Protein chains: 2
Amino acid sequence: MKQGEFDGRFLGVLGGMGPMAGAAFMARLTALTPAGTEQQHIPAILWSDPRVPDRPAGYMKQGADPFPWMAHGLGQLERLGAKAIAIPCNTAHLWYEELAAAAGVRLLHIVQAVIADLRRHGIDRGRIGLMGTAVTLKLGLYQQALREQGYDCITPADDELERFCTPSILHVKANRIDQAYAPAVDCARLLQDRGADAIVFGCTELPLAVPHALRAQLGVTISDSIDALALAAIDWHQSGKP
Amino acid sequence: MKQGEFDGRFLGVLGGMGPMAGAAFMARLTALTPAGTEQQHIPAILWSDPRVPDRPAGYMKQGADPFPWMAHGLGQLERLGAKAIAIPCNTAHLWYEELAAAAGVRLLHIVQAVIADLRRHGIDRGRIGLMGTAVTLKLGLYQQALREQGYDCITPADDELERFCTPSILHVKANRIDQAYAPAVDCARLLQDRGADAIVFGCTELPLAVPHALRAQLGVTISDSIDALALAAIDWHQSGKP
């Protein structure tokens, strides 16, 4: 991109996975930015292509490969001048190394963002209850990073994932947000009963299933991967670093 | 843009004016699209540059000119392959002719979208109460188009705009959404008392000030310019036309 008067420290957002999570990321980025006027907000570009094939199926070789679609989106964001990129989709982070290698700019990591968010909430050890897609939980996307930082992890059993977590995520993706709340909350309560000190909404559809206004009544710290990634993006923007 | 396997009927969204309105547009585009799976949603690109100078001040030559910034954003969206463009900012539509001339693709018109939305609500004549920025109301952005379609228009008086409409809009732009509700509702009630058959939220900050869940209690039809523009974009996408 040529230098010019409109250049800026643009955040690129590889969204569309799902489209509501990408839109919610943009809204939370705005709400969480300490800005007193419109012009102080972070310039951003959202590439929202919901046609990207399903990530869980793709990763398990049970469906089309989403990687070329994601790499294309990264390239488009860079063409327009994005200086760092956030991907508000946890499952996409199973390809993090390949995506970071394909990206010409810094790629924020949603799991590192959640760890920073847990610390921000004062949770620097203890038992973390994980919610997310079956494939991210089974492949340990969060577990490895959390254990390296001294946390313990608990996850729903396979049948609990199928009964609670997966349907909640699919309801959001199918525009049935009202129906997504109950199974997500059932899953969170189950992890709480097993001693979770905090619960991670480790799929970007889950924060949509359980709106902020209804979280206090759960009585447990929630780390929301959309908010965590937005805060990481704000930190990046304010840092002035590449 | 070169032809390729990732091409599609992308909607370009010139957002950032303000950034929360652009994000809300993306969320409502998703919520209002009749899609049963993620992949059926509309591919879209949001250019969210909140640094665009204030439109009301710019139009009145009391501040920097936002037009070059908006034209640049249109160009960026087209570079990435947008096939039509929506601008979720009513005041920006004071430059509609110039922007449409600068755009190489179809530029949706938010006022025409609102007129279609009023008809969708069964309001095809009568008195329309307009809320928006002072400059759009004074310059008649909506009034001319509505009168051509046989509607009457009423607007708040100057001092009412200053007391109710303007502060509500500024609260949203300054991330104080909680404080935006009361003045917006006061303004709507005032127009209702003067016989409005429907009220137009003719500034894209106003739908954020009065969330959908709280509108039924107003007891009057609301045409929300974010929702109206999202529905126009969905119509465009489904039509298959340029």
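How many Å separate the centres of domain 1 of chain A and domain 2 of chain A? Taken over C-alpha atoms, these two centres are 20 Å apart, in a predicted model for which local features need pLDDT of at least 70, side-chain atom pairs count only at pLDDT 80 or more, and totals for chains, interfaces and linings use all residues. Residues are numbered from 1 along each chain as its sequence is written, chains are lettered from A and ligands numbered from 1 in the order in which they are written, and side-chain values use heavy atoms, with hydrogens and water left out.

In chain A, domain 1 comprises 10-110 + 229-239 and domain 2 comprises 111-224, with bounds that come from an automatic or database domain assignment. Contact (heavy atoms within 4.5 Å) involves 22 residues of domain 1 of chain A and 22 residues of domain 2 of chain A. The area buried between these two domains, that is, the accessible area (1.4 Å probe) that two parts lose on being put together, summed over both, is about 1600 Å², and carbon and sulfur atoms give 65% of it. Across this interface 0 salt bridges are found, a salt bridge being a side-chain nitrogen of Lys or Arg within 4 Å of a carboxyl oxygen of Asp or Glu.

Between the chains, 47 residues from chain B and 47 residues from chain A take part in the contact. Here the buried area is about 3900 Å², with 58% given by carbon and sulfur atoms. The interface of chain B and chain A has 4 salt bridges; the side chains of Lys173(B) and Glu38(A) form a salt bridge at 2.3 Å, N to O.

A pocket is defined on a 1 Å grid over the protein atoms alone, as an open set of points where a 1.4 Å probe fits, with protein on both sides within 12 Å along at least five of seven lines, and its lining residues have an atom within 4 Å of a point. The largest pocket has a volume, meaning the space filled by probe spheres set on grid points joined across faces, edges and corners, of about 1600 Å³. It is lined by 42 residues, and those closest to its centre are Ala27(A), Leu208(A), Pro211(A), Ala27(B) and Pro211(B).

The second largest pocket holds about 280 Å³ of space, and among the 20 residues of its lining the closest to the centre include Asp54(B) and Thr166(B). Domain 1 (10-108 + 229-239) and domain 2 (111-226) of chain B both contribute residues to this lining, so the second largest pocket lies between them.
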